[in-house]
There are 2 protein chains.
Amino acid sequence: MNKTAKTNPSFLNGVPELLVLRLLARRAMYGYEIVKEIQLQTKDALAFGEGCIYPYLHYLEAEKFVKSARREVEGRSRNYYELTRRGHKRLAALENEWSRVTLAVAAVKGAQYV
Amino acid sequence: MNKTAKTNPSFLNGVPELLVLRLLARRAMYGYEIVKEIQLQTKDALAFGEGCIYPYLHYLEAEKFVKSARREVEGRSRNYYELTRRGHKRLAALENEWSRVTLAVAAVKGAQYV
DNA sequence: TTGACATACCTTAAAATGTGAGGTATGGTG
DNA sequence: CACCATACCTCACATTTTAAGGTATGTCAA
């Protein structure tokens, strides 16, 4: 899905992965909750569908960036995900890439005044 | 390609369009030059191929965001593009969306410390 | 003068990524 | 008991970018 460091980070699309990891870095959450939470925290500026988030969770688990455990909470059966050590590293790497992208975009803006 | 204002701006991919418009807001440029200039100004953090930029230029012209004129410069025949009034509006709109996206991404980060 | 390389434009198949719509099942509420 | 929110999931499709190709011209060195 994203192996080597490329010139163009897969960040022009990969924002969902960054946000999922960020949220899970705070606390364990389940898929449905993540979908709603992103809408809530971004005031609907971003709203990734379940068809985007669930596959990401499965990918992240396959890569051992997260691990999941089913829990019964509030009379509900939910699949809670939490970050692994590897996941924290992955998050740090993505933060880096996101930073690189936004700086790069800003650099082109700045050049207008050169 | 991008008609109505959606919840998720097409900005998770549309960075190339923003950069092209920004560059053209400064001065008239030709396709090949734009491809190289983005690499230069972003220090290769971003490097969109010709297969990405040329189709965008054609799209932008079809939408009357830019107009083109062939000129002979330095013994070279080049197709120079420049922004139209519509193009400036379009640029302003994209700046807005990009700002919304980065703020939204930052908001999720901020929430970690709430 | 010819061979190599950069410039300059373009197209196309394929990969990557996210959307939208669908499906299933459970729990609470009027 | 009907309805809606919760909770999980998948799949076909659309959009967007990549990678690789093609053509033509200009420059420069051998």
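**Notebook: helices and symmetry**

Started at the end of H2(A): the helix is followed by A:Lys43, and its phi is positive, near 50°. Note to self: this is a predicted model.

**H2, chain A**

Stayed with H2(A), which runs over residues 31-41. Which of its residues are buried? I found A:Ile34, A:Val35, A:Ile38 and A:Gln41 to be buried. I then checked how they sit around the helix axis: they cover an arc of only 150°, so they lie on the same side of H2(A).

**H1 against H3, chain A**

Next I looked up how H1(A), residues 15-26, meets H3(A), residues 50-62. Their axes come within 10 Å and cross at roughly 65°. Angles of 65 to 115 degrees count as roughly perpendicular, and therefore I put H1(A) and H3(A) down as roughly perpendicular to each other. Which residues make the contact? From H1(A) I have A:Pro16, A:Glu17 and A:Val20; across from them, H3(A) brings in A:Cys52, A:Ile53 and A:Tyr56. I also noted the hand: H1(A) passes H3(A) in a right-handed crossing.

**Chain A and chain B**

Last job was the two copies. What turn and what shift lay chain B on chain A? I got a turn of 180° with a shift of 0.0 Å along the axis, and the RMSD comes out at 0.0 Å. The two copies are thus related as by a two-fold rotation axis. I looked at the contact residues as well: 100% of those of chain B recur in chain A, and the same surface serves both copies.

Conventions
Residues numbered from 1 in each chain as written. Chains lettered and ligands numbered in written order. Predicted model: local features only at pLDDT ≥ 70, side-chain atom pairs only at ≥ 80, totals over all residues. Least-squares fit on C-alpha atoms with pLDDT ≥ 70 in both. Contact = placed C-beta atoms within 7 Å. Buried ≥ 20, exposed ≤ 12 C-beta atoms within 10 Å, placed from the backbone. Helix = DSSP H or I, 4+ residues; strand = E, 2+ residues; numbered from the N terminus. Arc of directions from axis to C-beta. Axes fitted to C-alpha atoms, helices over the stretch in contact; angles between N-to-C directions. Parallel < 35°, antiparallel > 145°, perpendicular 65-115°, else oblique. Left-handed = near helix turned anticlockwise from the far one by under 90°.
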